[in-house]
Amino acid sequence: MPTIWAEVMAVLPPKVEDINLTFNKIVSESLVFLLKQAAMLLYEGQDIAECLQMSQTIIDYSWEKLNVGTWKDVDKEWRRVFSHGCLFKAVCLCKDGSAFREAIETCDKGLLMGMAIMDNILIRLVKVLQNHNKPKKRSLEDVGSHQNSCHKRLQVALPLIKEIRTGMEVPRVHCPSLERFRAQYLIPHKPVILQGIVDHWPAVKDSKWRWVKNAYHWQQHSLCPNRWINCQYTPSLM
């Protein structure tokens with residue numbers, strides 16, 4: 001698909017020399033050489049497979065540097081290197097015109113973890129790729145057949161759902177003795193719900209352990225935001 005390749009290459013600077021690959025001393029000369037080689041192969045457009053491999057190497061190496069220590073301590077040069085690697089890889093993926101989604105995802109990674117380079121070239125590249133990655137509209141016949149298929153699968157699955165009988169419910173037992181628990185449930189491998197067995201724990205009654213209960217309730221409400229909002233819950237640790 002030469003038209004798409006031409007559009008993608010038009011986003012890049014006219015000449016490979018226009019790409020600024022000058023970094024400070026924190027980036028080794030060998031990595032800068034790899035960046036320049038990848039850029040050269042990209043502009044030549046011949047050995048895209050090798051360029052793609054080099055780009056992935058650059059991404060992997062700089063990714064390790066991005067994840068050493070805290071984010072505020074990461075040198076911005078590693079973010080630039082990561083963005084360049086993502087740019088080269090995304091362009092390589094567009095060569096055969098069949099990996100637009102992966103190319104867009106690569107650009108997204110560069111935008112999230114890297115930094116703006118070459119006048120926001122990653123954003124401009126994504127706009128070009130999105131024009132060629134529009135989902136195909138399904139015909140009414142395809143939609144109808146899909147709905148019928150889902151309906152048939154639902155009909156097959158429904159008979160498998162069995163009603164829970166009252167007599168088969170898991171029993172609830174309050175503080176059974178060890179002998180009773182062992183004889184009636186452990187050895188026969190019968191399920192049981194034990195109640196009241198931790199009421200004597202200090203963490204249940206002692207106020208100094210209140211933060212455990214608060215943390216537990218905070219986790220529950222964080223999984224159910226509507227419930228959190230309705231009860232106006234605010235976690236307070238110690």
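Which residue lies over the face of W5? In this predicted model, that place is taken by K95, at 4.4 Å from the ring centre. W5 belongs to a chain whose overall layout is a good place to begin the tour.

The protein chain has 238 residues, and buried residues make up 29% of them. Its secondary structure comes to 11 helices and two strands. Read from the N terminus, the order of these elements is α-α-α-α-α-α-α-β-α-β-α-α-α. Contacts across the sequence were also examined: among those between residues at least 6 apart, 53% join residues at least 24 apart.

Helix α4 deserves a closer look. At 1.5 Å a residue, its 18 residues should span 26 Å, and the distance between its end C-alpha atoms, 26 Å, agrees with that expectation. At the N-terminal end of α4, D75 acts as a cap, with a side-chain oxygen 2.8 Å from the backbone nitrogen of E77. Is this helix enclosed by the rest of the structure or exposed? Of the 18 residues of α4, 16 are buried, so the helix is largely enclosed by the rest of the structure.

The nonpolar core tells a matching part of the story. The largest such core holds 48 residues, and the members that touch the most others are L87, V91, L125 and L129. Two or more residues come from each of α1 (2–11), α2 (29–44), α3, α4, α5 (100–113) and α6 (121–131). Which element gives the most to this core? That is α4, with 10 residues. As for L87, its contacts, leaving aside neighbours within four places in sequence, are with L12, I117, M118, I121, L122 and L125.

Next come the aromatic rings. A pair of such rings can be described by how far apart the centres are and by the angle of the planes. The count for this model comes to three aromatic pairs. One of them joins Y61 and W78, with 5.9 Å from centre to centre and 55° between the planes. Why is this pair called tilted? Planes under 30 degrees apart count as stacked and those over 60 as edge-to-face, so an angle of 55° falls in the remaining class, tilted. The pair links distant parts of the chain, since Y61 sits in helix α3 (residues 48–66) and W78 in helix α4 (residues 76–93), 17 residues apart. The partners differ in exposure: Y61 is partly exposed, with a relative accessible area of 38%, whereas W78 is buried, at 6%.

W63 and F82 form another tilted aromatic pair, with 5.8 Å between the centres and 40° between the planes. This pair also links distant parts of the chain, with W63 in helix α3 and F82 in helix α4, 19 residues apart. Here W63 is partly exposed, with a relative accessible area of 37%, while F82 is buried, with a value of 1%.

One further residue helps to complete the picture of these two helices. S62 lies in helix α3. Is S62 buried or exposed? Its relative accessibility is 0%, and the cut-off for buried is under 20%, so S62 counts as buried. Not counting residues up to four places away in sequence, S62 touches W78, V81 and F82. Among these, W78 is the ring partner of Y61, and F82 is the ring partner of W63.

Methods
Residues are numbered from 1 along each chain as its sequence is written. This is a predicted model: local features need pLDDT of at least 70, side-chain atom pairs count only at pLDDT 80 or more; totals for chains, interfaces and linings use all residues. Side-chain values use heavy atoms; hydrogens and water are left out. Rings of Phe, Tyr and Trp (its six-membered ring) pair if their centres lie within 6.5 Å; planes under 30 degrees apart count as stacked, over 60 as edge-to-face and the rest as tilted. Helices (H or I, at least four residues) and strands (E, at least two) are DSSP runs, numbered from the N terminus. Buried means under 20% relative accessible area, exposed over 50%, partly exposed in between (1.4 Å probe, protein chains only). A charge sits over a ring if NZ of Lys or CZ of Arg is within 6 Å of the ring centre and within 35 degrees of the ring normal. The expected span of a helix is 1.5 Å times one less than its number of residues. A polar contact is a pair of N or O atoms within 3.5 Å; within protein, one must be able to donate a hydrogen and the other to accept it, and residues adjacent in sequence count only if both atoms are side-chain atoms. A nonpolar core is a set of buried Ala, Val, Leu, Ile, Met, Phe, Trp, Tyr and Cys residues joined through side-chain atoms within 4.5 Å. Contact means heavy atoms within 4.5 Å.
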